[in-house]
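Me: Could you take a close look at the enclosed spaces in this structure for me, and then at the charged pairs? I work with numbers all day, so please give me the cut-offs as you go.

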Amino acid sequence: MFENKDYIAVNVFDDSVRKRSLKRQWNQLSRFQKNLVVVVVFGGILLCGFLMYQRQLLKANSLDVFSSTDEEHVKSIKTNIVDNDKIQIVPFKGPTNERQQAVVNAMRHSWTGYKTFAFGHDNLKPISQTYSDWFNLGLTIIDSLDTLYIMDMQEEYQEAKKWVEESLKLDVNRDVNLFEVTIRVLGGLLSIYHLSGDEIYMTKALELGKRLMPSFDSTSGIPYSDVNLFSMQAHAPKWSPDSSTSEVTTIQLEFRDLSRIFNDPTFENAITRVSEKVHELPKTDGLVPIFINANTGSFRSFSTISLGARGDSYYEYLLKQWLQVGKIPEHYLIEDYKEAINGVIKHLRRKTPNEHHVYVGELISGKDFKPKMDHLTCYLPGTLLLGHKNGMPQSHFTLANELLETCYQTYIKQPTGLAPEITYFNLEGESATDIYVKANDAHNLQRPEFIESLYYFYVITGNKTYQDMGYKIFESFEKYTRVSHGYTSISNVKTPNNVRPKDMMETFWLGETLKYFYLLFSDDRNEIDLDKFIFNTEAHVIPVREN
Ligand code: DMJ
């Protein structure tokens, strides 16, 4: 047994004994072993010195991104913008009816859970009452800013604004996804800047834009998907040499707006080059493969064609960019858009055999039709209607109405009244029902796309049926996704008794879904004027500009 006195005995070894034993050990080493130890020790010291030097360099680089000259520039430009650019500071009056009030309550419940358990982090995990981080940028706060402002939730808006002023650090030493940060953070900052006129947001937007710019340093100009905001080094995703087509083509509204605010063409030049490159690539009647290589600037051969994941917002931004720059007739963006929608009608549009639901499927390897539609595709009816309002052909209007109805069916056919992530359709009598869901696809992430489409349909047509459809879905979200400390995505829309909460509140629930619900239920269809503003793909507003 080890007793106290033994311990004391061990400790009475004095320093000199220890030193002598070290010396003895050293002397017992061969010449080779001694040399090896010396090399390892000195090598280690040199390596540490080098790493510290590198870090200093990166830090200096990082600080240079936003110089005091820029701050002066921001100040001087602010006056010009208010005077010359007619960017509006939009007043919002808060909810005017019970449905809007119900959405505000949902937003408050989401915000309170986030504030209590996850403030400053990217996402709330409402069931375990903790948080998760993706990019370390306080994503929920930034995605929520304009929603809080539009809903006139002043107290919560001020909490969010204070965090941006005091705690938002954009030089995070982490690889972030160019697309996600552009649509959520850059888009969020630009939107709240345009709505509130508050200078702090455009200062932050400029810094972020600069930190994202190294993404474009590829041989082709097609951006790398990932960039480190601190070291400002960019690279392709770790899992593949390719970027997603929708990602590299869904950053243009935001970077162009940044250029227009600061009268600095650098950002717009970079994203225009991307659009022009993609315009020149061979396509299938306007339809694009979902992967593109940043080094070669070419699409990956035999990749899938889809209006869902990795393809969706390429088509959305063709139309919206054209609207942003003032609807120039015969511009390549709108010509590509028209050709693509014709391509959708020709290759991807199908009708189920019994109930005649029209849907948009996919071409696997660019050729084999698959009767599968992501919920993400349900943005398309709204975009088609927006295009039709701006002069696109009647065939777009017809497809918009057909798809809106099918997307609605993907909700109401489920016992929870909530749509799954992916729906399959009956192709010539292969399945018992015309619409069905596979076990792995039955989750619902509280995505916005269908509510977004309902919003466009209501605002453009004035038909209140779309509000009723939306309210039915809102009630289902209340019933199946509201938990004590927020809202959560769920794993199964087919089992109302056990939807298996996923313990995750996505930022787009606050940034998009609740915002579109609120605007859908508005008595004032012009709460956001669609002739003056465009929603980016994350529901952040960007002003229309004269070219
Ligand atoms: C959001 O980040 C954006 O709407 C994006 O375009 C698609 N995915 C999510 C919402 O579903």
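Reply: Happy to; here are the cavities, then model confidence, then the salt bridges.

This is a predicted model, in which local features need pLDDT of at least 70, side-chain atom pairs count only at pLDDT 80 or more, and totals for chains, interfaces and linings use all residues. Residues are numbered from 1 along each chain as its sequence is written, and side-chain values use heavy atoms, with hydrogens and water left out.

For the cavities, the search ran on a 1 Å grid over the protein atoms alone: a cavity is a set of points where a 1.4 Å probe fits but cannot get out, and lining residues have an atom within 4 Å of a point. Points are joined across faces, edges and corners, and a volume is the space filled by probe spheres set on them. Across the whole structure this gives 3 cavities of 30 Å³ or more.

The largest cavity holds about 70 Å³. Its lining includes Thr249, Gln252, Ser275, His279, Tyr314, Gln321, Tyr332 and Asp336. Helices here are DSSP runs of H or I with at least four residues, strands are runs of E with at least two, and both are numbered from the N terminus. Helix H12 (266–280), helix H13 (312–324) and helix H14 (332–348) each supply at least two residues of this lining, and H13 gives the most, with 4 residues. By class, the lining has 6 nonpolar, 5 polar and 1 charged residues; Ala, Val, Leu, Ile, Met, Phe, Trp, Tyr, Cys and Pro count as nonpolar, Asp, Glu, Lys and Arg as charged, and the others, Gly among them, as polar.

The second largest cavity has a volume of about 40 Å³. Among the residues that line it are His375, Tyr411, Pro420, Glu421, His443 and Arg447. The classes here are 4 nonpolar, 4 polar and 2 charged.

On confidence, the protein chain averages a pLDDT (the predictor's confidence in each residue, from 0 to 100) of 91, and 90% of the residues score at least 70. Over residues 1–13 the pLDDT is below 50, and beyond near neighbours in sequence this stretch has 3 contacts in the model, a contact being heavy atoms within 4.5 Å.

Now the charged pairs. Side chains of opposite charge can pair when their charged atoms come close. Taking a salt bridge as a side-chain nitrogen of Lys or Arg within 4 Å of a carboxyl oxygen of Asp or Glu, the structure holds 27 of them.

One of these joins Asp175 and Lys238, whose closest N and O atoms are 3.6 Å apart. Asp175 lies in strand E3 (residues 175–177) and Lys238 in the loop between strand E5 (234–235) and strand E6 (242–244), so the pair ties together parts 63 residues apart in sequence. For accessibility, buried means under 20% relative accessible area, exposed over 50%, and partly exposed in between, with a 1.4 Å probe and protein chains only. Asp175 is partly exposed at 28%, while Lys238 is exposed at 73%.

Arg184 and Glu180 also form a salt bridge, at 2.9 Å from N to O. They sit 4 residues apart in helix H8 (residues 178–196), so about one helical turn separates them. Both Arg184 and Glu180 are buried.

Glu402 and Arg349 meet in a salt bridge at 3.0 Å, N to O. This pair links helix H16 (residues 394–412), which holds Glu402, to strand E8 (residues 349–351), which holds Arg349, 53 residues apart. Glu402 is partly exposed at 22%, and Arg349 is partly exposed at 26%. Finally, salt bridges that share partners join Glu180, Arg184 and Glu538 into one network.

Technical notes: On a 1 Å grid over the protein atoms alone, a cavity is a set of points where a 1.4 Å probe fits but cannot get out, and a pocket is an open set with protein on both sides within 12 Å along at least five of seven lines; lining residues have an atom within 4 Å of a point.
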